[in-house]
Amino acid sequence: MKQLTVVKVGGKIVEDEGTLQQLLKDFSAIEGAKVLVHGGGRSATKVAAQLGIESTMIGGRRVTDAEMLNVVTMVYGGLVNKNIVARLQACGINALGLTGADMNVMRSHKRPLKKVKMEDGTEQMVDFGFVGDVDECDGKMLATLIAEGIVPVMAPLTHDKEGHLLNTNADTIAGETAKALAPYFDVTLIYSFEHAGVLTDPEDEASVIPHINAESFELLKADRTVSGGMIPKIENALEAVEAGVKRVIITKADAIDGTKGTIIS
């Protein structure tokens, strides 16, 4: 089966000129079929602040009211996505920017009230607003594009098939994309961000945890070695492995060749 690499890059990487340039150069050098999924949360937070809109994060995920939905649509689907697409074209990559609404690639439903474990250990019911939980991803459509030599660049927006866009976690987009493409390719999913992997000590880049499975993940959450936004990232990674994705690696943006980082299985 043909190899395919899905790379998810975080907002901090795409917002810095130096790291973005290197990331896109390394991504362009990946052999075989590939997909890029990007975040942009820091840019969205910055633009929202400039517009006088407050940002709220709970459990590593953004609460999205109507005003914030407008902001993330502009930032994710426009500013960040098209900048990356243009830069990839300059690298000789025939990229196509997509949200979940384009070609009905990814459909979701508005997240219902959800019980979330707070930082103090208590649980609280949270309304995340216009946030989408994915129902389906059209792997056949994406595989068709890829077969034509197109590299999809996925923005973290989905739709409910009733005319409404929904903000959707970029790690979830990457995981769902990888799972949907698993029947067509031998898929490697790489979550790239500013650290060398999942760390036992956030201040020590050498403290990479080499391997995490479902059992060790529960222990790492319990002792708070893993917290915040890393929790949904690992949850998405474990779900991808269960759904047939061959390899999932969490690593630094300059190591998307898959030779370093934390392996999730």
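Which glycine just after H3 takes a positive phi? I found glycine 52, with a phi of about 75°.

**Ground rules.** I am working from a predicted model, where local features need pLDDT of at least 70, side-chain atom pairs count only at pLDDT 80 or more, and totals for chains, interfaces and linings use all residues. Residues are numbered from 1 along each chain as its sequence is written, and side-chain values use heavy atoms, with hydrogens and water left out.

**Helix H3.** I looked up H3, residues 41–50 (helices are DSSP runs of H or I, at least four residues; strands are E, at least two; numbering is from the N terminus). Ser43, Ala44 and Ala48 are buried here (under 20% relative accessible area with a 1.4 Å probe, protein chains only; exposed is over 50%, partly exposed in between). Seen down the axis, the buried residues of H3 fall within an arc of 135°, so they line one face (the arc is that of directions from the helix axis to the C-beta atoms). Lys46, Ala49 and Gln50 are exposed on the other side of H3.

**H7 and H8.** Next I checked H7 (214–222) and H8 (230–242), which pack at about 170° with axes 11 Å apart (axes are lines fitted to C-alpha atoms, for helices over the stretch in contact; angles run from 0 to 180 degrees between N-to-C directions). H7 and H8 are therefore roughly antiparallel (over 145 degrees). Ala214, Phe217 and Lys221 of H7 meet Ile231, Ile234, Glu235 and Leu238 of H8 (contact is heavy atoms within 4.5 Å).

Conventions: Angles under 35 degrees count as roughly parallel, over 145 as roughly antiparallel, 65 to 115 as roughly perpendicular and the rest as oblique.
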